[in-house]
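The exercises below are meant to be worked through with the sequence and the model side by side. Try each task before reading its solution.

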Amino acid sequence: MALPMDNFLLLSVVNTKLRDRYSNLDALCDDLDEDKNDIISRLSSVGYSYDENVNQFV
């Protein structure tokens with residue numbers, strides 16, 4: 001599955017997947033063959049960071 005190019009859509013998709021299916025960001029990236037640093041960078045550019053305690057970008 002290709003992740004959305006729009007960063008706000010990416011935020012929604014990633015947080016939904018983290019909530020519903022994956023125990024952490026590493027598991028999501030491994031399963032979807034996505035670059036963790038790319039996701040972190042893209043979401044950081046719109047003001048979000050990954051919080052391991054809640055397993056969401058906040």
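**Exercise 1. Describe how helix α1 and helix α2 pack, and name the residues that meet.**

Solution. In this predicted model, helix α1 covers residues 7–20 and helix α2 covers residues 25–32, and the two pack at an angle of about 105° with their axes 10 Å apart. Angles of 65 to 115 degrees count as roughly perpendicular, so α1 is roughly perpendicular to α2. Turning to the residues in contact, V14, K17 and L18 on the side of α1 meet L25, L28 and L32 on the side of α2. Sorted by class, this contact has five nonpolar residues, one charged residue and no polar ones.

**Exercise 2. Set out the elements of the protein chain in order, and decide whether its radius of gyration agrees or disagrees with that of a compact globule.**

Solution. Begin with the count, which is three helices and two strands. Read from the N terminus on, these elements follow the order α-α-α-β-β. For the second part, a compact globule with 58 residues would have a radius of gyration near 10 Å, and because the protein chain has 10 Å, the two agree. The C-alpha trace spans about 25 × 25 × 20 Å along its principal axes. Of the contacts between residues at least 6 apart in sequence, 50% join residues at least 24 apart. As for the surface, the protein chain exposes about 3,700 Å², of which carbon and sulfur atoms supply 45%, while buried residues make up 34% of the 58 residues.

**Exercise 3. For D33 and then for N55, state the sign of phi, find the loop that holds the residue, and decide whether the residue is buried or exposed.**

Solution. Take D33 to start with: its phi is positive, at about 55°, although D33 is not a glycine. D33 belongs to the loop between α2 and α3, the latter being residues 36–44. The relative accessible area of D33 is 69%, and since exposed means over 50%, D33 is exposed.

Now take N55, whose phi is near 55°, again a positive value in a residue other than glycine. N55 sits in the loop that runs between β1 (50–51) and β2. Its relative accessibility is 10%, and because buried means under 20%, N55 counts as buried.

**Exercise 4. Place Q56 in its element, decide whether Q56 is buried or exposed, and list what Q56 touches beyond four places in sequence.**

Solution. Q56 is part of strand β2, which covers residues 56–57. With a relative accessibility of 19%, set against the cut-off of under 20% for buried residues, Q56 counts as buried. Leaving aside residues up to four places away in sequence, Q56 touches N15, L18, R19, S49, Y50 and D51.

**Exercise 5. Work out where L10 lies, what L10 touches, and how far L10 is from D30.**

Solution. L10 is in helix α1, and because its relative accessible area is 0%, L10 is buried. Its contacts, not counting residues up to four places away in sequence, are L3, P4, R42 and L43. For the last step, compare the two kinds of distance to D30: L10 and D30 are 20 residues apart in sequence, and their C-alpha atoms are 17 Å apart in space.

Methods: Residues are numbered from 1 along each chain as its sequence is written. This is a predicted model: local features need pLDDT of at least 70, side-chain atom pairs count only at pLDDT 80 or more; totals for chains, interfaces and linings use all residues. Side-chain values use heavy atoms; hydrogens and water are left out. Buried means under 20% relative accessible area, exposed over 50%, partly exposed in between (1.4 Å probe, protein chains only). Contact means heavy atoms within 4.5 Å. Axes are lines fitted to C-alpha atoms, for helices over the stretch in contact, and angles run from 0 to 180 degrees between N-to-C directions. Angles under 35 degrees count as roughly parallel, over 145 as roughly antiparallel, 65 to 115 as roughly perpendicular and the rest as oblique. Ala, Val, Leu, Ile, Met, Phe, Trp, Tyr, Cys and Pro count as nonpolar, Asp, Glu, Lys and Arg as charged, and the others, Gly among them, as polar. The radius of gyration is taken over C-alpha atoms; the globule rule is 2.2 Å times the number of residues to the power 0.38. Accessible areas come from the Shrake-Rupley method with a 1.4 Å probe; for residues, only the protein chains shown count as cover.
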